[in-house]
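Here is a friendly walk through one protein chain, going from single residues to helix pairs and then to the chain as a whole. Keep the structure open beside the text and follow along.

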Amino acid sequence: MPEKTLAESSRTGAVATEHGAASPQRWWILAVVATAQLMVVLDATIVNIALPSAQHDLGFSDGSRQWIVTAYALAFASLLLLGGRIADLFGRKPAFLVGVVGFAAASALGGAANGFTMLVAARALQGAFGALLAPAALSLLNTTFTDARERARAFSVYGAIAGAGGAVGLLLGGVLTDALDWRWTLYVNVAIAVVAFAGGWLLLGNHRDAADAKLDVPGTVLVATGLFGLVYGFSNAETHDWDSPLTWGFLLAGGLLLAAFAWWQTRAAHPLLPLRILLDRDRAASFLAVLLTGAGMFGVFLFLTYYLQLNLGFSPTRTGVAFLPMVGALMVTAQAGTTLLLPRFGPKTVIPLGFAVATAGMAWLTGIGLGSHYLGAVLPQLIVIGVGLGLVMPPAMQLATGGVAAEDAGVASATVNAMQQVGGSIGTALLNTVASSAATDYLSGRDATSRPVRAQATIESYTTAFWWSAVLFGAGAVIAFVCYRRGVPRQAPGAAPVVHM
């Protein structure tokens, strides 16, 4: 900058925002926040493609393999609300910076892992620091952009990253695994973190919007253990029957703990999750939309990855490239949905429409077969799904965090992330279970030793998972249409747009 250094300009911006003006560095802040969010979202899928290589290198069993993914999900989901409240209580800048550094350190530890235990511990640490970083990043976005049009544009970028980051993770994971080594799917986070930390250090000021409040320790324990029970229970459904105590027992315990948490929040002097955040109709509908999107998207990423690699013979890198058209469609409609359609037609029209389009795309994808080709049986469907999800994810995230008081921005952002994570866990358990049952049912009464029969059983498992994803998206369309208010959303009185950066 010709007249000021970047640091001087950021200090000026911090002062300006404390008086309610928009930060002059807000678009740079968006770039920093988006970079950090990309790091967190990538990690949900980038390691998946590298798992076979990691398993071969470290020598752990197929039964243990799921814990490389589950350890991250458990820590991330369990600690999200605590991470969001820490950002509100102690400041979003330190929460953001500590989250970035911790995530990078945990990634480096995982990349250097010399055994299964070390890798699982590193993944759990990644999840813990991600639970601090993700809500701080989203709440920074929520409090930085005060102009409605600019805010919509910022959330379209953020929502596109949240929706498409999984596919980008598949691409990057494939490239790094093919070109270098599986360890680089973790080491790459260090490079991303350097950029995010430098930008956050220079651009972000600090203000504690809930500085007078105290941490709700009983609420923290209840919600952390409740979310752990839910995610762990759904994760066990992949490897155990639904009637196993390790599945239903943890699901029941998680549900009871979360019910106790909701009861406690009505009595706590400084509640971890003020119920006023959940009682707004549009915000509650947005939380449900994010939950169902997270559950349904699992069918796209996981089972289509299997189909492309095992049935069509794609390499990991080519598999990642195959998802890029969906990413492009999602990003285009994310911009249109948040900046043009939502302000004009409102969420009761836009979000159900997006779910309906995604439902049609998933149903169309069930037409794959042994002799199908990517250009005819996968590419058009992926584009349709991307268009639909682009109309759901960014607008839902914007509405889920919009209109909250500044002191609640962190915990509202954490709730969005928790809905997405729990939704993904539900999708993992549900779709894996129905896919496995479909393959077993197809093989019943047939020659299971026949290679063509086994191949067709695999196709049956994929298409069944796609149908269930379509059902989840269809349910999202109905729920969104019923729950959202009519008309264009307006900022609630008293939900001050004052920015504290």
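**A start at A470**

A470 is buried, because its relative accessible area is 6%, under the 20% cut-off. Please keep in mind that this is a predicted model. You will find A470 in helix α20, which covers residues 451-483. Setting aside neighbours within four places in sequence, A470 is in contact with T359, M362 and A363. Another residue to look for is A358: A470 and A358 are 112 residues apart in sequence, yet their C-alpha atoms are 7.4 Å apart in space.

**Three more residues to visit**

Let us move to R123, which sits in helix α6. Is R123 buried or exposed? With a relative accessibility of 1%, R123 counts as buried. Its contacts, not counting residues within four places in sequence, are D43, V47, I68, V69, A71 and Y72. One of these partners, I68, is 55 residues away along the chain from R123, with 6.6 Å between the two C-alpha atoms.

K348 belongs to helix α15. This lysine is buried too, at a relative accessible area of 11%. Beyond its neighbours up to four places away, K348 touches R281, F481, V482, Y484, R485 and R486. The C-alpha atoms of K348 and V488 are separated by 8.7 Å, although their positions lie 140 residues apart along the chain.

A112 is placed in a loop, the one between α5 (92-111) and α6 (116-144). Its relative accessible area of 43% makes A112 partly exposed. Leaving out residues up to four places away in sequence, A112 touches M118, R183 and Y187.

The table collects the C-alpha distances for these four residues.

| Residue pair | Separation in sequence | C-alpha to C-alpha distance |
|---|---|---|
| A470 and A358 | 112 residues | 7.4 Å |
| R123 and I68 | 55 residues | 6.6 Å |
| K348 and V488 | 140 residues | 8.7 Å |
| A112 and L186 | 74 residues | 9.0 Å |

**How helices pack**

Now for some helix pairs. Helix α2 (residues 26-42) and helix α8 (residues 184-203) have axes that come within 9 Å and cross at roughly 150°. The two helices are therefore roughly antiparallel to each other. The crossing of α2 past α8 is left-handed. On the α2 side, the contact is made by W28, I29, V32, T35, A36, M39 and L42. On the α8 side, the residues are N189, I192, A193, V195, A196, G199, G200 and L203.

How do α14 and α17 compare in direction? Helix α17 spans residues 379-390, and its axis comes within 7 Å of that of α14, with a crossing of roughly 30°. That angle makes α14 roughly parallel to α17. Here α14 passes α17 in a right-handed crossing. From α14, the contact uses P325, M326, A329, L330, T333 and A334. From α17 come L379, L382, I383, I385, G386, V387, L389 and G390.

Helix α14 (residues 324-345) has another partner in helix α15 (residues 347-365): these two pack at an angle of about 130°, with their axes 7 Å apart. They are therefore oblique to each other. L341, L342 and F345 in α14 meet P347, T349 and V350 in α15.

**The nonpolar cores**

The largest nonpolar core holds 75 residues, and F303, L304, I351 and F355 touch the most other members. Which helix gives the most to this core? It is helix α12 (residues 281-311), which supplies 16 residues. A second, separate core has 30 residues, including L42, Y72, A104 and A131. Back in the largest core, F303 is in contact with F298, L431, N432, A435, Y462, A465 and F466, when neighbours within four places in sequence are left aside.

**The whole chain**

Finally, let us step back. The chain has 20 helices and zero strands. Of its 501 residues, 57% are buried. Among contacts between residues at least 6 apart in sequence, 83% join residues at least 24 apart. The accessible surface comes to about 19400 Å², and 66% of that surface belongs to carbon and sulfur atoms.

Terms used: Residues numbered from 1 in each chain as written. Predicted model: local features only at pLDDT ≥ 70, side-chain atom pairs only at ≥ 80, totals over all residues. Heavy atoms only, no water. Core = buried A, V, L, I, M, F, W, Y, C linked by side-chain atoms within 4.5 Å. Buried < 20%, exposed > 50% of the residue type's maximum accessible area, 1.4 Å probe, protein only. Helix = DSSP H or I, 4+ residues; strand = E, 2+ residues; numbered from the N terminus. Contact = heavy atoms within 4.5 Å. Areas by Shrake-Rupley, 256 points an atom, 1.4 Å probe, with all protein chains shown as cover. Axes fitted to C-alpha atoms, helices over the stretch in contact; angles between N-to-C directions. Parallel < 35°, antiparallel > 145°, perpendicular 65-115°, else oblique. Left-handed = near helix turned anticlockwise from the far one by under 90°.
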